[in-house]
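Me: Could you take a close look with me at one part of this model, the place where the two chains meet? I would like a connected account that I can follow on the screen.

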Amino acid sequence: MERDDLKMITDGLERILGDASLEAIDKADGQGSDAEALWTTLEGNGYPRLCASLDHGGFDANVADICGLATIAGRHALALPLADSIVAGGLLSAGGIEPPTGPIGLANALDTSAPLPHAMQVGAYVDLNEGRLRCVRLAHSDVTVLEQAEDGAGHLPEEHADVVQDVAAPSWLTPQMFQALAAFIRAASMAGAMQAVLDLTLSYTREREQFGRPLAKFQAIQHHLSDIACETAASIAAVELASDALRSAPEPNSGMIDEIAIAKIRCGQAASTVAAAAHQAHGAMGFTREYALGRFTRRLWQWQDEFGTETEWATLLGNTVLSEPNPNLWLRISKPL
Amino acid sequence: MFQFPRLDFDTDAETLRSDVRAFLASELKNGGFVPAADCWVSAADPDFSRKMGERGWLGMTWPREYGGHERPAHHRFVVTEEMLAAGAPVAAHWIADRQTGSHILEYGTEEQKRDILPRISAGECFTAIGMSEPQAGSDLAAIQTAATRNDKGWVLSGRKIWSTGAHYSHFMIVLARTSPAEGRNRQVGLSQFLVDLSLPGIHISGIQDLGGTPHFNETLFENVQLPVDALLGQEGNGWAQCMGELALERSGPERFLTSLVVLEKALPMIARHRDVRRVSEVGSILANLRVLRRMSLGVARMLEDGASPATAAAVVKEMGNRLENDIVARLRAMLAGIPRREWPDGFENLLREAVLHLPSNTLRGGTTEILRGIIAREMGMR
């Protein structure tokens, strides 16, 4: 997409989410009239189909183009599966299937027993089954909701397969690539949530006084904030690196998987550090359900696990390095994009 | 402070990278050097520096009329990162090439530029940093070294410490007080001087570091008569000039690559013994290094655009220093269970060298605590 178009769609999403009520944004099961109205607005503005082809009513956007949207959604702790739906729509469209309307989920491509993110919010999900790209319908009565999970994630029955449509997956769409594209938008959302955590922690520590001065004036607190800022900056850089890789060729290739792995590893690691430091600086207030911090940290902890944890991706990446006849890190660190 | 712009390498940069790699491979093969951890501080070899000068790899960004090569800053980045990744003996010229030369180019007299810069880019002139003092470390504005005017120029008295390579250097940029502090504002009244270390009244004594290498020094200035033009830049502008120097000093690849050479050496052995723990550690280290390099390149880009990205540089150094220490810790964990007889030749020494240099990573060029303070100030907390 052109730079101007990109700016228009990111500014547009920022405006829509900025105007939306907290009830619409943070409604964990994505149900209720506010969340539904928000989805209708997003759909009315063409967001869910950005990555679908022009024939399917989309804009043919590269996944890298929409990572800014995933970051904005993360910064607002948006419960609805906007980024998932955009990627799911793009995958279906690439296989020649017109994406259904309504939110669409993405299944874990490397572990079919993993919970389906947003299960209670979507009417269908996309998965990859023995080389077949499938659009599968979902009845919410089949979902076993994970009680402590965010945004309606849940398990499906083992033999769940109400397949609406399936086609041979495009040759580039390996299970690793499917998982990587899903992991990439999680990394981008984490980067956004970390920016929100930084802002929140900064304003809280400036206002809250103890021992007669604002917490922000204590060096120990400043060091927590510095850690949050550094990790957030690294996360943003990691997502940009993966975006550049995704834009480097017209069709996805395995080199891109390495760069996305790096983004998911780095953002996943940062999420732990950022959440811990922010909660420490907030004291007991941050540990309440009511205060805003938890909306972000709970999602950070969930997103770092979805579509491969940082350790799982590090194992994949490390195996790639160590399987070579002459294992070498420097050639990979310095690889041009 | 969160946006690190993308730096695109031009095609010349990749040709340059191949040339540097070929040079390093041939030097390694003919015994020109033994890879060292922390090589930009601990491995000084004037011959090696001269060879780099012959190839046009020093003073790369400076104007041709001063012996430079008028190349973009990212070409210098390519050369320095390749040298660090190989553990090459680059310490002798490192400071002159990284900051002193650029500083002379910006603030020096025409005569100084014509005299000194071509020698630096030939790999024949080395320099040291004169900031810290026995009573002024992190609190740099507390320095007591003073310069007073006389009819021949300036008289310099005081003591500088922790100056890496002062014992083989030809010049030192010394931060000195030229007028008193104004109340609590101690950053005024400081000036920088370009000091020829062969002048009478200068006594340099080596200090052994933790590992026993005399890489840094204490330098005593006893009423050293400096010429008028030793004043570098503007009188009283020393603090601001110093901070500009630190932006150059803090963001480069030497802030996260110093221990890579140790891990790289062990990698084939780790590959033979790979299990989930070792494999995921290698993947995680790669992710961290790749991202930090991207950020460091972002700072290089900002410098290339003429900005002075002091906070972004602090971010890179703070994270980089913790990472290079972390790499050594994780490497030690990965080694558990591998019999010593399988360790490659020279690995034991290399690892020990890296361990003994760990404390300095998070101290030199601004401690982790100082850097965190800079980052907090940028966020309006101080």
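Reply: Happy to; here is a walk through the contact between the chains, followed by some background on chain B.

Please keep in mind that this is a predicted model. Let's begin with the interface as a whole: on one side 37 residues of chain A take part, and they are in contact with 41 residues of chain B. On the chain A side, four helices each supply at least two of the touching residues: H7 (219-247), H8 (254-282), H10 (310-322) and H11 (330-333). The largest share comes from H7(A), with 15 residues. As for the character of that side of chain A, 23 of its residues are nonpolar, ten are polar and four are charged.

H7(A) deserves a closer view, so to speak, together with a partner across the interface. That partner is helix H12 of chain B, residues 368-378; the axes of H7(A) and H12(B) are 9 Å apart and cross at an angle of about 80 degrees. Since angles of 65 to 115 degrees count as roughly perpendicular, H7(A) is roughly perpendicular to H12(B).

Which residues of the two helices meet? From H7(A) come A:Gln222, A:His223, A:Leu225, A:Ser226, A:Ala229 and A:Cys230, and they meet B:Arg372, B:Gly373, B:Ile375 and B:Ala376 of H12(B). By type, this contact between H7(A) and H12(B) has five nonpolar residues, four polar ones and one charged one.

Now for the chain that H12(B) belongs to. Chain B has twelve helices and eight strands. Its radius of gyration is 21 Å, close to the 21 Å that the globule rule gives for 382 residues, so chain B is as compact as a globular protein of that length. Along the principal axes, the C-alpha atoms of chain B fill a box of roughly 70 × 45 × 40 Å. Of the 382 residues in chain B, 52% are buried. If you take the contacts in chain B between residues at least 6 apart in sequence, 77% of them join residues at least 24 apart.

One last stop in chain B is a loop residue. B:Pro180 sits in the loop between strand E4 (171-177) and strand E5 (190-196) of chain B. Is B:Pro180 buried or exposed? B:Pro180 has 10 other C-beta atoms within 10 Å, and a residue counts as exposed at 12 or fewer, so B:Pro180 is exposed. The C-alpha atoms of B:Pro180 and B:Leu190 are separated by 8.4 Å, with the two residues ten apart along the chain.

Definitions and conventions
Residues are numbered from 1 along each chain as its sequence is written. Chains are lettered from A and ligands numbered from 1 in the order in which they are written. This is a predicted model: local features need pLDDT of at least 70, side-chain atom pairs count only at pLDDT 80 or more; totals for chains, interfaces and linings use all residues. Two residues are in contact if their C-beta atoms, placed from the backbone, lie within 7 Å. Ala, Val, Leu, Ile, Met, Phe, Trp, Tyr, Cys and Pro count as nonpolar, Asp, Glu, Lys and Arg as charged, and the others, Gly among them, as polar. Axes are lines fitted to C-alpha atoms, for helices over the stretch in contact, and angles run from 0 to 180 degrees between N-to-C directions. Angles under 35 degrees count as roughly parallel, over 145 as roughly antiparallel, 65 to 115 as roughly perpendicular and the rest as oblique. The radius of gyration is taken over C-alpha atoms; the globule rule is 2.2 Å times the number of residues to the power 0.38. A residue is buried if 20 or more other C-beta atoms lie within 10 Å of its own, exposed if 12 or fewer, and partly exposed in between; C-beta atoms are placed from the backbone.
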